[in-house]
Amino acid sequence: MAVGAEAEAFEYVALGDSAAAGIGAGSPAADSSNCYVSGNSGPRVPNSTLAYPKRVAQSLGATLVDKALCGASSNAVRRQQATAVTKATDLVTVQAGSNDFGFAAPLIFCYVWNPPRTGTCNSRINAITTQYRQVLPGNLERLFDRIDARKRDGAQVVVVGYPHVVQAESTLTCFADGAWPDSTHQALRRAANTLNQVLAAKAKAHGYDFVDPSASFNTHESCGDPSWVNGIRPFTRQVESFHPNATGQEALAWLVWQYVKP
């Protein structure tokens, strides 16, 4: 993909959810309990200037059309964001799917009740894993079909996967991951693996590149050394919980760069 002398004309459209928006990376901090500045509606918390799309655009010398929004599902990306893709677009990154079945609610339940209600916590996570496997492929197909219909031939599309947010086993010295037992850690990792497998399969079917950050983030999950993913944040910044921090966003930018660099 050549940027060449006309770097200013190179257009990059970033689509996605809070991970693509850089929520959790700071600058500015997402000072909210959810994706909205106040309550459950109104303006969204602002995207971080440290989010990977901004880093990638700067490295490419590209004009960035940043449409990512905290809380967006793949259906919302299709309806509200994908219209930004045009025949003038040279590069699209899309990171979507994690929010399609309300993953935040089980995490809040697990934080409040696990332990002792570990079985219920894990069951709620496993139910979303099943939906990732059975329902998400159709959602992604509609999203990717929309992108295909709008982009020009030759435009590059990169689908970005999700890192694990917790390590495979619980830690005795860190409580940022909820102090959950190993079984919950493993349930969360199965969910992330399933999500990435579905994203990778659909990306391949559409001829898109797929970035899997799992290996790079290994040992750098919440409570890792160092952590590239936030653990549980205070209530006033709860929305940042289990999102890549500034170092994690830098790592995502580097991974995407391997696919888009001239």
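Colleague: Let's start with charge. How many positive and negative side chains does the chain have, and what separates the centres of the two sets?

Modeller: There are 22 positive and 21 negative side chains, and the centres of the two sets lie 7 Å apart. Lys and Arg count as positive, Asp and Glu as negative, and His is not counted. Please keep in mind that this is a predicted model.

Colleague: Thanks. What makes the chain agree with a compact globule?

Modeller: Its radius of gyration does. For 262 residues the rule gives a value near 18 Å, and the chain has 18 Å, so the two agree. The rule here is 2.2 Å times the number of residues to the power 0.38. Along its principal axes, the C-alpha trace spans about 60 × 35 × 35 Å.

Colleague: And what is this chain built from, and how many of its residues, as a percentage, are buried?

Modeller: Eight helices and seven strands form its secondary structure. Of the 262 residues, 52% are buried. The exposed surface comes to about 11300 Å², with 52% of that area supplied by carbon and sulfur atoms.

Colleague: What share of the contacts between residues at least 6 apart in sequence joins residues at least 24 apart?

Modeller: That share is 74%.

Colleague: Now to helix α4. How do you know that its buried residues share one side?

Modeller: The buried residues of α4, which runs over residues 104-113, are Pro106, Leu107, Phe109 and Cys110. They cover an arc of only 160 degrees around the axis, and therefore sit on the same side of α4. The general background helps here: an α-helix has 3.6 residues a turn, so residues three or four places apart point the same way.

Colleague: What do those buried residues pack against, and which exposed residues are on the face turned away?

Modeller: The buried residues of α4 pack against α5 (118-134) and α7 (182-205). Ala104 and Val112 are the exposed residues on the face turned away from the buried side.

Colleague: Since you mention α7, why is Asn196 called buried?

Modeller: Asn196 is a residue of helix α7. Its relative accessible area is 3%, and the cut-off for buried is under 20%, so Asn196 counts as buried. Leaving aside neighbours within four places in sequence, Asn196 is in contact with Gly161, Tyr162, Phe210, Asp212 and Ser214.

Colleague: Let's compare two prolines. Why is Pro43 called exposed?

Modeller: Pro43, in strand β3, has a relative accessibility of 56%. The label exposed needs over 50%, so Pro43 earns it. Apart from neighbours within four places in sequence, Pro43 is in contact with Cys35, Tyr36 and Val37. Its C-alpha atom is separated by 25 Å from that of Gly248, 205 residues apart along the chain.

Colleague: And why is Pro46 called partly exposed?

Modeller: Pro46 is in the loop between β3 (41-44) and α2 (52-60). Its relative accessibility is 41%, and partly exposed covers values between the 20% and 50% limits, so the label fits Pro46. Beyond neighbours within four places in sequence, Pro46 is in contact with Ile23 and Pro28. From Pro46 to Gly97 the C-alpha distance is 20 Å, for 51 residues of separation in sequence.

Colleague: On to the backbone. What makes Thr219 and Cys223 worth a look, in terms of phi?

Modeller: Most residues other than glycine have a negative phi. Thr219 has phi near 75 degrees, a positive value, and Cys223 has a positive phi near 70 degrees. Thr219 is found in the loop between β7 and α8, and Cys223 is placed in the loop between β7 and α8 as well.

Colleague: Are Thr219 and Cys223 buried or exposed, or which label does each get?

Modeller: Thr219 has 42% relative accessibility and so counts as partly exposed. Cys223 has 16%, which is under the 20% cut-off, so Cys223 counts as buried.

Colleague: Last one. Which peptide bonds to a proline are cis, and what are their omega values?

Modeller: The bond from Asn114 to Pro115 is cis, with omega near -15 degrees. Pro115 is in the loop between α4 and α5. Asp225 and Pro226 are also joined by a cis peptide bond, with omega about -5 degrees. Pro226 belongs to the loop between β7 (209-211) and α8 (246-260). As a general matter, most peptide bonds are trans.

Note on methods:
Residues are numbered from 1 along each chain as its sequence is written. This is a predicted model: local features need pLDDT of at least 70, side-chain atom pairs count only at pLDDT 80 or more; totals for chains, interfaces and linings use all residues. Side-chain values use heavy atoms; hydrogens and water are left out. Buried means under 20% relative accessible area, exposed over 50%, partly exposed in between (1.4 Å probe, protein chains only). Helices (H or I, at least four residues) and strands (E, at least two) are DSSP runs, numbered from the N terminus. The arc is that of the directions from the helix axis to the C-beta atoms. Contact means heavy atoms within 4.5 Å. Accessible areas come from the Shrake-Rupley method with a 1.4 Å probe; for residues, only the protein chains shown count as cover. The place of a charge is taken as NZ of Lys, CZ of Arg, CG of Asp or CD of Glu.
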